[in-house]
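Biologist: I've got a new structure on my screen and I'd like to learn how to read it. Could you walk me through it?

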Amino acid sequence: MDRSVNTLTDLTQRTDIPSPCYVLEEAKLIRNLTLMKRVQDESGVRIILALKGFSMWSCFDIVKQYLQGATASSVWEAKLAAEMGKEVHAYSPAYKAEDAKALASLVHHLSFNSLSQWHTHREALKNVSLGLRINPEHQEADTPLYDPAAPGSRLGIRADELEGISLDGIEGFHCHNLCECDSFATERTLQAIEKRFGKWLHQLKWLNLGGGHLMTSEGYDVEHLINTLSAFKERYPHLDIILEPGSAVAWQTGPLLSEVVDVVNNEGDIAILDISATAHMPDVLEMPYRPTVLNAALPNEKAHNYKLGGNSCLAGDVIDTYSFDEPLVAGSRVQFEDMMHYTMVKTTFFNGVDHPSIGILRSNGEFELVRSFTYEDFKGRLS
């Protein structure tokens, strides 16, 4: 997925923002949430925040004005979701007995990954609306690492596993097979669900379509999404349709601000930054993808080329090569765009390198530092 950004906010000259720092731009978050509210209002579906993609709880007071709640992948995430004060949904590939006991008082909806998990924990969760995660065996994700419907997937129940099984006590199905996809992928997924699981839909109360609906990205056909969801709701008016995007909520809502610490040369100039790709934006290496850097271009498009490297000891802690109009020197700031979703949630304290602070650029232009990290945070994770 192209993560280019059209409307950028240059924070490199802001002396009130420390480096390194993740900066959420409040106005852009509200822009995304406003669009998502429109989708809800016009299609009749409900949208909740997937904490696995964006769990910056300091902005829950904003999110809860637009979305219906949050979804969790663990007990800890469920506890955090509960702090929003709205609906809490949950799904995990497997729950231990102590997990089910803890979740019973936290969640409103919960989906099991297997029939055996349902049979094991349904009594402990009898006061929760229970569902099953289904595998439509329909692939839409481009990257194998993020494809829940790939052959041999451990995620979800195939239709043939449900044949002859009583689903008494199951109120919903949960399907997640998208990753930063468009509305036409949603339409094809709904067709696959109807084809393989249609016989069961009439006995359910809800259908959770998971995440991966990148409705806030440029070029996304929002009208088609609304029409697709509305048409499905007309066919199944009894179903509560739920979407739980993570990326779409925080898509292009703020950068990771960093600083050059040193410049070395080995077959070209290499700028060593005060951030780490492996520790602070791991999708750059895992996806992989090339992040947008403010005021930078492809190699040789501008006068000065630099390979941008992280500050960990991992040899492959390298982002990519970019060109700049002016030379980079120690103290130069480098701004990586679109770093709010699936970035902060994946950070580590690898090597004990300084962890980026977290801040909010308010709509009025003021910067609020909401979290900084210390040695005690690093130490506390290890024993």
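Modeller: We'll go through the sheet, one strand, one helix residue, the salt bridges and a surface patch.

Modeller: Before that, some ground rules: this is a predicted model, where local features need pLDDT of at least 70 and side-chain atom pairs count only at pLDDT 80 or more, while totals for chains, interfaces and linings use all residues. Residues are numbered from 1 along each chain as its sequence is written, and side-chain values use heavy atoms, with hydrogens and water left out.

Biologist: How do I read the sheet, and in what order do its strands lie?

Modeller: Helices (H or I, at least four residues) and strands (E, at least two) are DSSP runs numbered from the N terminus, and two strands pair if DSSP finds at least two bridges between them. Here nine strands make an open sheet with parallel pairing, in the order 2-10-9-8-7-6-5-4-3. Strand 2 (46-47) and strand 3 (49-50) are the edges, each pairing on one side only. Strand 3 is joined to strand 4 (residues 69-72) by two bridges, and Ala50 has Thr71 as its bridge partner there.

Biologist: Which way do the side chains of strand 6 point?

Modeller: In a regular strand, side chains alternate between the two faces of the sheet. In strand 6 (residues 109-112), His109 and Ser111 point one way, Leu110 and Phe112 the other, and all are buried. Buried means under 20% relative accessible area, exposed means over 50%, and partly exposed is in between (1.4 Å probe, protein chains only).

Biologist: What does strand 6 pair with?

Modeller: Strand 5 (residues 87-91) runs parallel to strand 6, with three bridges between them, and strand 7 (residues 129-133) is also parallel to strand 6, with four bridges. Look at Ser111: its partner in strand 5 is Tyr91, and in strand 7 it stands opposite Gly131.

Biologist: How does the chain get from strand 5 to strand 6?

Modeller: A crossover is right-handed if, with the strands pointing away from the viewer, the path from the first strand over the helix to the second runs clockwise. Strand 5, helix 4 (residues 97-103) and strand 6 make a right-handed β-α-β unit. The chain then crosses from strand 6 through helix 5 (residues 115-121) to strand 7, and this crossover is right-handed too.

Biologist: Is Leu103 in helix 4 buried or exposed?

Modeller: Leu103 has a relative accessible area of 1%, so it counts as buried. Contact means heavy atoms within 4.5 Å. Leaving aside neighbours within four places in sequence, Leu103 has contacts including Val75, Tyr95 and Leu110.

Biologist: How many salt bridges are there?

Modeller: Side chains of opposite charge can pair when their charged atoms come close. The cut-off is a side-chain nitrogen of Lys or Arg within 4 Å of a carboxyl oxygen of Asp or Glu. A search of the whole structure finds 22. In one of them, Arg188 pairs with Glu140, with the closest N and O atoms 2.7 Å apart. Arg188 is in helix 6 (residues 183-201) and Glu140 in the loop between strand 7 and strand 8 (172-174), so this pair ties together parts 48 residues apart in sequence. Arg188 is partly exposed at 36%, whereas Glu140 is buried at 13%.

Biologist: Which residues make the nonpolar surface patch?

Modeller: Leu285, Leu314 and Phe350 make a patch of about 220 Å². Patch residues have over 30% relative accessible area and no salt bridge; like charges are joined within 9 Å, nonpolar side chains (Val, Leu, Ile, Met, Phe, Trp, Tyr) within 5 Å. Areas come from the Shrake-Rupley method with a 1.4 Å probe, and for residues only the protein chains shown count as cover.
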